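Here are some short exercises to work through with the model in view. Try each one yourself before you read its solution.

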Amino acid sequence: MDNAQPCLFAPAATLHWAQAVAKHMDLALSPLEEREFEDGEHKSRPLCSVRGRDVYVLQSLHSDARASVNDKLCRLLFLLGALRDASAARITAVVPYLGYARKDRKSQPRDPVTTRYVATMFEAVGTDRIVTLDVHNLSAYQNAFRCQTDHLEATGLLVRHFAPRIGNAEAVVVAPDAGGIQRAERFRLRLEQTLGRPVGSAFAEKHRSGGVVSGELFVGDVSGRFAIIVDDLIGTGGTIARTAEVCARLGAASVHAGATHGLFVGNAASALDRPALASIVIADTVPPERLPEGPVRDKLVVLPTHALFAEAIRRLATGGSITQLLAS
């Protein structure tokens, strides 16, 4: 094994995606033992020497039919700790979807700040760096961790998907709530640069209290335009569906959703099953297995992220620029 090459590990839960990343780097995943014990406990250990190596562990932290986010987080932390004990020189956790990133502040008295607690656990097992994609709150993410952090964005992937489909039509980018305005603006500016002409912006008001969503204000002109609702994730689908209905009612020529992480929990399939929404575009950080076959699945487009992460790992391993990667 060439010690100059980065060493890549992936638990079974993220194996398919990690293999695509490794293939793009012309590398093989390093061998890993994952053992289950009769009482429900488990262990993971590298089956090759990592002494003095630059090590990357790839694991997306979302629940699925086989494992909860808690189980995946626990397994990832134990593996990172084992690699530290095995004398790896530098350990990077590559987490395409970072679970618990939405609970980043106290919204009610005595609320937990779970993002900070998760960061502390990563640091406690010896993680040197964490890499993620389109975290919910970038400032909270960067402030929660004391180890190095890198933040990738799917903006380029989404722009490359939508730009040729817009053609000569007028386009408008819609933020579905106040928290997503800056994210939508970054996408709008990149799309405007690619198209070489102005792209409009719009904003939908949304308030959430006790699980009830309200807000009627909509700012911006979508009439006759190719409208793209941009968000970091789709959970129950309610926010996207609500915004799509407003855009359609205000005369948008077509309405599309672009989000990085497709969680599709609860009644997302029925919430998103409406004529107002022409397409739903997500990245492959969370496999869309919760969506059943049918009308909503037919509207779904999944963009691969393995090339983006492969290039990010290559640059981190060789001292390259992540900033330049995001601008490309």
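**Exercise 1.** Is Phe309 buried or exposed?

*Solution.* This is a predicted model, where local features need pLDDT of at least 70, side-chain atom pairs count only at pLDDT 80 or more, and totals for chains, interfaces and linings use all residues. Residues are numbered from 1 along each chain as its sequence is written, and side-chain values use heavy atoms, with hydrogens and water left out. Buried means under 20% relative accessible area, exposed over 50%, partly exposed in between (1.4 Å probe, protein chains only). Phe309 has 0% relative accessibility, so Phe309 counts as buried.

**Exercise 2.** Which aromatic pair do Trp17 and Phe309 form?

*Solution.* Start with the rule: rings of Phe, Tyr and Trp (its six-membered ring) pair if their centres lie within 6.5 Å; planes under 30 degrees apart count as stacked, over 60 as edge-to-face and the rest as tilted. The structure holds five aromatic pairs. For Trp17 and Phe309, the centres are 5.1 Å apart and the planes meet at 80°, an edge-to-face pair. Next, place the partners: Trp17 is in helix 1 (residues 15-24) and Phe309 in helix 10 (residues 306-318), 292 residues apart. Helices (H or I, at least four residues) and strands (E, at least two) are DSSP runs, numbered from the N terminus. Finally, Trp17 is buried too, at 9% relative accessibility.

**Exercise 3.** How are the rings of Phe162 and Phe226 arranged, and what does the pair tie together?

*Solution.* Their centres are 6.4 Å apart with planes at 75°, so this pair is edge-to-face. Phe162 belongs to helix 5 and Phe226 to strand 13, so parts 64 residues apart in sequence are tied together. Both residues, Phe162 and Phe226, are buried.
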